[in-house]
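Q: I am new to this structure and would like a close look at one part of it. Please take me through its charged side-chain contacts.

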Amino acid sequence: MAHLNATTNLDRLQQRIDDQQTQRHQLMAEQAQLQDRLRQVREVEWYVHPEIAPGYRGRLDDIVQAVEQGAAEYQWLPPLDVQAAQVPPLTTDEAERLWLLVTQHGPGILDARIQYCPDPAMLPDPTEVSRRITELHVAEEAVGREPVTPLAHELADLGDERLIVLEALLDRAQQALQRVGLSADPDSWQADAWSTRALQDGIAQRWQQLWDSIRNASQRAQQTHDEIAAASFLEVEIPRLSESEEKELLIAGRNLEQHVLRTGRLNTRWPRPAVVKQARFLLEQCRVEGMAPAGREHITAVVRHLEMRAHARTLRGRWAGVGSAVGQDTAELMTSKLLDRAVVLDAIDTCVEVIRQVHATLLADGIPTPVTTPEQWRDVRRATAQARQLLHIRTATQRFQELLKSLPPPHPQGVDELQRAADAVAARDAQAYAQAVDALAAAYQREADRRETGKLFECLAEAHPELAKDFAGDPLAVHWRSRFAVLPQAWAWRQAQDFLDTHLLQGREEQLEGELTQIQARLHDLVEQLVCDRAALHCVSRMTTKHKQALAAYASAVANAGQGTTEYGKRHQRHARSAMQTAQGAVPAWIMPLNRVAETISPEPDSFDVVIVDEASQVGLDGLLLLWLAPRIIVVGDDRQCAPFYSGSKHDRITQIFDERMAGLEPWQREGFDPKSNLYELLQSRFTEVIRLTEHFRCMPEIIKWSSMQFYPDNQLVLLRQHGSDRLPPLKVVHVPEGHCEGRRDKLINRPEAEAVVNELHRLTQDPTYADRSIGVIILRHGDQTRLVQNLVDQRIDVSATRTPQHPGRHTRAVPGRPARRHPPVDGRRRSQRHRRDRPEP
């Protein structure tokens, strides 16, 4: 038990029990089915059969008439398989669908080779494919035939984010020039225009001091112009003077303006200040709104116009220094032209600054491209545009490649339409792709019909191969439609016909009996194993650690105790008895001989709930200790069986001791306490209620009948075991009329009887029905008769030709002192020891 617990996995054991239970139910169902079929065969003429097939039931003659009536209409259906289902594999609609599909697509649709065809919905939409192809064509055409510069590739490699930064700078430069009417394309710049020179000098960073002087003068002129525009006097008249005279007049006017600003008034009376005298020409010859300057505001207006004329002369000279002369126009017109140039120069400065930022950006991105000439600036602009176009191409190509990847991959068993769609996309032919998708939709429906046809035909072939073979041979024959329309009726008719063929078949009863015997044998073995596994599960699951330890200690102590005759043996017996007190609760039932009970079980009252004593007629009075171990006891025995053999010589002394120790009992009550008494006999006299067992399981009917008549005439034994017709004769009496004895005691022999026995043995060894079986010979006398029979056997029977040790047979009789073999062993025994040796126990 300890080993069982250590090697048992409860989960696997429970799973095995569940599987065995399932198998048991299946076998029981098969057994019930076979029993019912066997009963039908045996009661074939008058048994009312349940529905064996739709529309076929009743007595056998009723079923025969129904089958004969449908023979003309349904006999086209070949016989069904033994394991065929109750209903046909295809319904009427499914069978008609199979016929329609074959008719529509031809017999080739029954070909098992189904081509791979994806659902057209899985493919890209033709509109999307057309849009992607157009997008790619437009992007490629935008590049044109002009070769793409290496700078464009480098810019495109920077990616969209960096290219956007560069494009924003280019856009700023373009907008700055366009606001003043200039083109951003260097090829459009006029070679003789001052703006072209300003751009060239700015890009190359030349003559910047000269251009800075123009910028500064322009700023001062613009400031003075703004002051004039802000004044309330719109018209100021200044006489035409030379350049030197205007300079003197401007100085005198500025001094007068400061004087008036400081004193707060203009004093033109005598005595006039010197500053007024110096500005006499300004006060007398200049006019503001047609009048001579009479106050601070008038003087300021004149001074500002004089300053504006001075700024114009300065700017004209500086523009002349850069090679751009200004015409000899009126002062106002020249001033306007010079200020207009200042606006254009500011836009050029903005463009130049942006160009420098572009150069810095390129350097920061690892592109050392110089931008110091208009040609280089033009190359940067064109490379940026080409880079954007390259990115468009790359994006369109990437999207197109994703479109290609979304197509189902090539398949060795794919339909041709799938390859046509892939080729159309690869060739960028949107129209061809749309046509291929339409063709693929038709192919998908065709392959779907092929798969449906294959499934329907496969179901038909699995359930009825012959019918499927007939249909595949000529599927376009017109009669199949009408046949498939009545397939359920034909199927039921064929089942009924097969039922009649089976039940009217010769030897059907013997066949069913053989199958039933096999099922019962399997069920017997399975139930036996199931009981063992359930018992093991129950035992192991309730076993504690202390139980396991006690069981291991008990097994070790019993193994070491031996016969228990030595001091150490007795010590181990005590240890075993101690371990048993704990281990006893681990095992639901203990099976052991009486001597082991006395050695290992402590003599405690009610140690067990129930004690069962088997073969109680073979147990002496020492078995009385069992009454002490449980409150209930079941005694199984046979009062006709031989009692224990007592060969002691102190019978009188034992009787005397019983009389002395049991003086309080009546003499008749002391009658059962005798050395020759047995436990069954003793308890039968005290407990008169006896349950008589009359069912027998082992012996042949002839043997058990003889035992019943010889020993139990009032309680005949009932044999439960059924035996087949192939059994051997169980009992045979052979009389030897010429037999006679010679000699005395151990020398006594009966030669005719010995020769008759050996002759019979020789005949049996030659009989094929006794092949692979062993034979035993029992002689009731020891001595020369035994040796005589053995010698005759050695002389008459070839041991090497008859020995089959690997097949001991079912009726082997073990003979003490000799191995079981086909060569008949001989055993001589005393008559007193043979009584009831082979009689069954009630």
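Which residues are linked in a network of salt bridges?

A: Glu128, Arg131, Arg132, Glu135 and Arg399 are linked in such a network. A salt bridge here is a side-chain nitrogen of Lys or Arg within 4 Å of a carboxyl oxygen of Asp or Glu. The model is predicted, so local features need pLDDT of at least 70 and side-chain atom pairs pLDDT 80 or more, while totals for chains, interfaces and linings use all residues. Residues are numbered from 1 along each chain as its sequence is written, and side-chain values use heavy atoms, without hydrogens or water.

Start with the network. Two of its members are Glu128 and Glu135. The others are Arg131, Arg132 and Arg399. Across the whole structure, a search finds 16 salt bridges. Three further pairs deserve a look.

Take Asp160 and Arg388. Their side chains meet in a salt bridge at 2.6 Å, N to O. Asp160 belongs to helix H7, residues 160-178, and Arg388 to helix H15, residues 374-405, so this pair ties together parts that are 228 residues apart in sequence. Helices are DSSP runs of H or I with at least four residues, strands are runs of E with at least two, and both are numbered from the N terminus. The two partners differ in cover. Arg388 is buried, because its relative accessible area is 15%. Asp160, at 39%, counts as partly exposed. Buried means under 20% relative accessible area, exposed over 50%, and partly exposed in between (1.4 Å probe, protein chains only).

Next come Arg481 and Glu96. Here the side chains form a salt bridge at 3.3 Å, N to O. Again the pair links distant parts of the chain. Arg481 sits in helix H19, residues 479-485. Glu96 sits in helix H4, residues 92-105. The two are 385 residues apart. Arg481 counts as partly exposed, because its relative accessibility is 42%. Glu96 is partly exposed too, at 29%.

Now look at Arg57 and Glu51. Their side chains meet in a salt bridge as well, at 3.2 Å, N to O. Arg57 has a relative accessible area of 53%, so it is exposed. Glu51 has a relative accessibility of 41%, so it is partly exposed.

For contrast, turn to some nonpolar side chains. Strand E5 covers residues 610-613. Its side chains alternate along the strand. Val611 and Val613 point to one face and are buried. Val610 and Ile612 point to the other face and are not buried. In general, side chains in a regular strand alternate between the two faces of the sheet.

Strand E5 has a partner. It runs parallel to E6, and 4 bridges join the two. Strands pair if DSSP finds at least two bridges between them. Strand E6 covers residues 632-635 and contains Ile634. Opposite Ile634 stands Ile612. Ile634 has a relative accessibility of 43%, so it counts as partly exposed.

Back to the charges for a last look. Asp160 and Arg388 join helix H7 to helix H15, and because of where they lie the pair spans 228 residues in sequence. Arg481 and Glu96 link helix H19 and helix H4. Arg57 and Glu51 pair through their side chains. The network itself takes in Glu128, Arg131, Arg132, Glu135 and Arg399.
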